[in-house]
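Student: I have a structure open in front of me and would like to learn how its labels are earned. Could you take me through some of the reasoning?

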Amino acid sequence: MASQPDFASDVFNRNPAAGISALRARGHVVEVRFPIVGRVWLTTTHETAAAMLKDSATFSLRKEDGEVAGLRWWMPKSITVVADNMLTMDEPDHTRLRGIVDEAFRRRAVLDMQPHIRTIADRLADELFAAGRPADLIQRYARILPVSVICELLGLPLADRPAFIAWANAMNRLKGPISLLRMMGSLSRMRRYLEQRLQAAREEGGEGLIAELVQVEKERGRITRDEMVAMVFLLLAAGSETTTHLISGSAFELLRDPARRDWLAADWSRLGLAVEEFLRFVSPVQFTKPRYVRREVELGGVTLKKGDRVMAMIAAANIDPDVHESPDRMDLARKPNRHISFGTGIHFCLGHQLARIEAACALEALFVRWPRLRLAVKPEQIRWSGRPGIRSIDKLPVVAGS
């Protein structure tokens, strides 16, 4: 196996384009060793990533016996239970579960939440330096906003928000088997908490998406109790974690280049295009979950055998020069923008609208309140979390500026 980038390293995360270019030079589909997952084939172009993700019959998340591609034999039940969600399911189970949560989402009218999300963002921006200066933009802002929104959407008490933030921080420290084992206690406590909230909704009703899910569960479709726990866990985790990194990564790009920030602040109607470019350029989710190859097939000039595992590299698709002009350059006015940061195919991200709204509200509220916000350290001193597959900053210290 040829040499490969260290996907968890600061070197790769500071400049993914260099490592991706080296991978793409080896081919459109290359073999790598990925942390926890092990040996796996990896797509390096937009075409191969899209082809793989759209062909769920050939590239499945599970074997015929139901084994999930990304799970290992040594992983305890606290992981396998919450991992048994619609993101790891093929047809027909995926459609069954997606239908339940789609209906619940439609009832909550996500687009109507934008004014309320902006209100939360304004309040958090006002409180950014309440605990002192410099402030960590991640812990004081980028993490709190998505957690607050998803808690309200699910109907979870805001008083429990510190616990969710602690769980999210634990997940962000996931870098390999050892850190995975260390977070078993947190996952077990979270699972028990969600089981209790679901049971309370069954018995007492309530407001929020959990109550809606329980109602849909009663009205139509079959779903096991473990599947319901896994679904709420997925909504809580996916609804907060990746959006946190989209907000912090976008803010970092604006902070390290004030000219971009000033261009955006001069006309906030440009924000929609800018968010699409942040999604493409920052690419918080760098890779998809691994898939099993169900039959021998050629992909990107490589013959994959039945039983092989393959992952789509979203970050590589998003800077493919065959699709994006000057892909290594951030262009906040880029149009069209054919990124696949929300995936494609049957597993296209359910929360794409919510993530876009939260990112837009977060950036505008932050830089309207603090127009001269600046980094408290040099950009090259920013440390990345080292979590493979997720491009996330560890800490983002900022000061108000003058």
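Tutor: Gladly, and let us start with proline 379, which lies in the loop between β9 (374-375) and β10 (397-399). Keep in mind that this is a predicted model.

Student: Why is proline 379 called partly exposed?

Tutor: Its relative accessible area is 30%. Buried means under 20% and exposed means over 50%, so proline 379, at 30%, is partly exposed.

Student: What does proline 379 touch, leaving out residues up to four places away in sequence?

Tutor: Proline 379 touches Phe252 and Arg256. Leucine 255 is 124 residues from proline 379 along the chain, yet their C-alpha atoms are separated by 8.7 Å.

Student: Now the cysteines. Why is cysteine 361 called buried, and what makes cysteine 349 partly exposed?

Tutor: Cysteine 361 has 4% relative accessibility, which is under the 20% cut-off, so the residue counts as buried. Cysteine 349 has a relative accessible area of 28%, which falls between 20% and 50%, and therefore cysteine 349 is partly exposed.

Student: How many disulfides are there?

Tutor: The count comes to zero. A disulfide needs a pair of cysteine sulfur atoms within 2.5 Å, so a count of zero means that no pair of cysteines meets that cut-off.

Student: Which residues touch the most other members of the largest nonpolar core?

Tutor: Leu128 and Tyr141 do, in a core of 91 residues. Helix α18 (residues 352-369) supplies the largest share of this core, 11 residues. Among the residues that tyrosine 141 touches are Leu128, Cys361, Ala365 and Leu366. Apart from the largest core lies another one, of 17 residues, including Leu23, Leu42, Phe287 and Met311.

Student: What makes an empty space a cavity, and how many cavities of 30 Å³ or more are found?

Tutor: In a cavity, a 1.4 Å probe fits but cannot get out. A search of the whole structure finds three cavities of 30 Å³ or more. The second largest holds about 80 Å³ of space. It is lined by 10 residues, and the closest to its centre are Phe164, Ala168, Leu236, Ala237 and Ser240. Two elements, α9 (161-172) and α13 (225-238), each give two or more residues to this lining, and α9 gives the most, with four.

Student: How do the residues of that lining divide by type?

Tutor: Eight are nonpolar, one is polar and one is charged. Ala, Leu and Phe count as nonpolar, so Phe164, Ala168, Leu236 and Ala237 belong to the nonpolar group.

Notes
Residues numbered from 1 in each chain as written. Predicted model: local features only at pLDDT ≥ 70, side-chain atom pairs only at ≥ 80, totals over all residues. Heavy atoms only, no water. 1 Å grid on protein atoms, 1.4 Å probe; cavity = no way out; pocket = protein on both sides within 12 Å on 5 of 7 lines; lining within 4 Å. Points joined across faces, edges and corners; volume = space filled by probe spheres on them. Core = buried A, V, L, I, M, F, W, Y, C linked by side-chain atoms within 4.5 Å. Buried < 20%, exposed > 50% of the residue type's maximum accessible area, 1.4 Å probe, protein only. Contact = heavy atoms within 4.5 Å.
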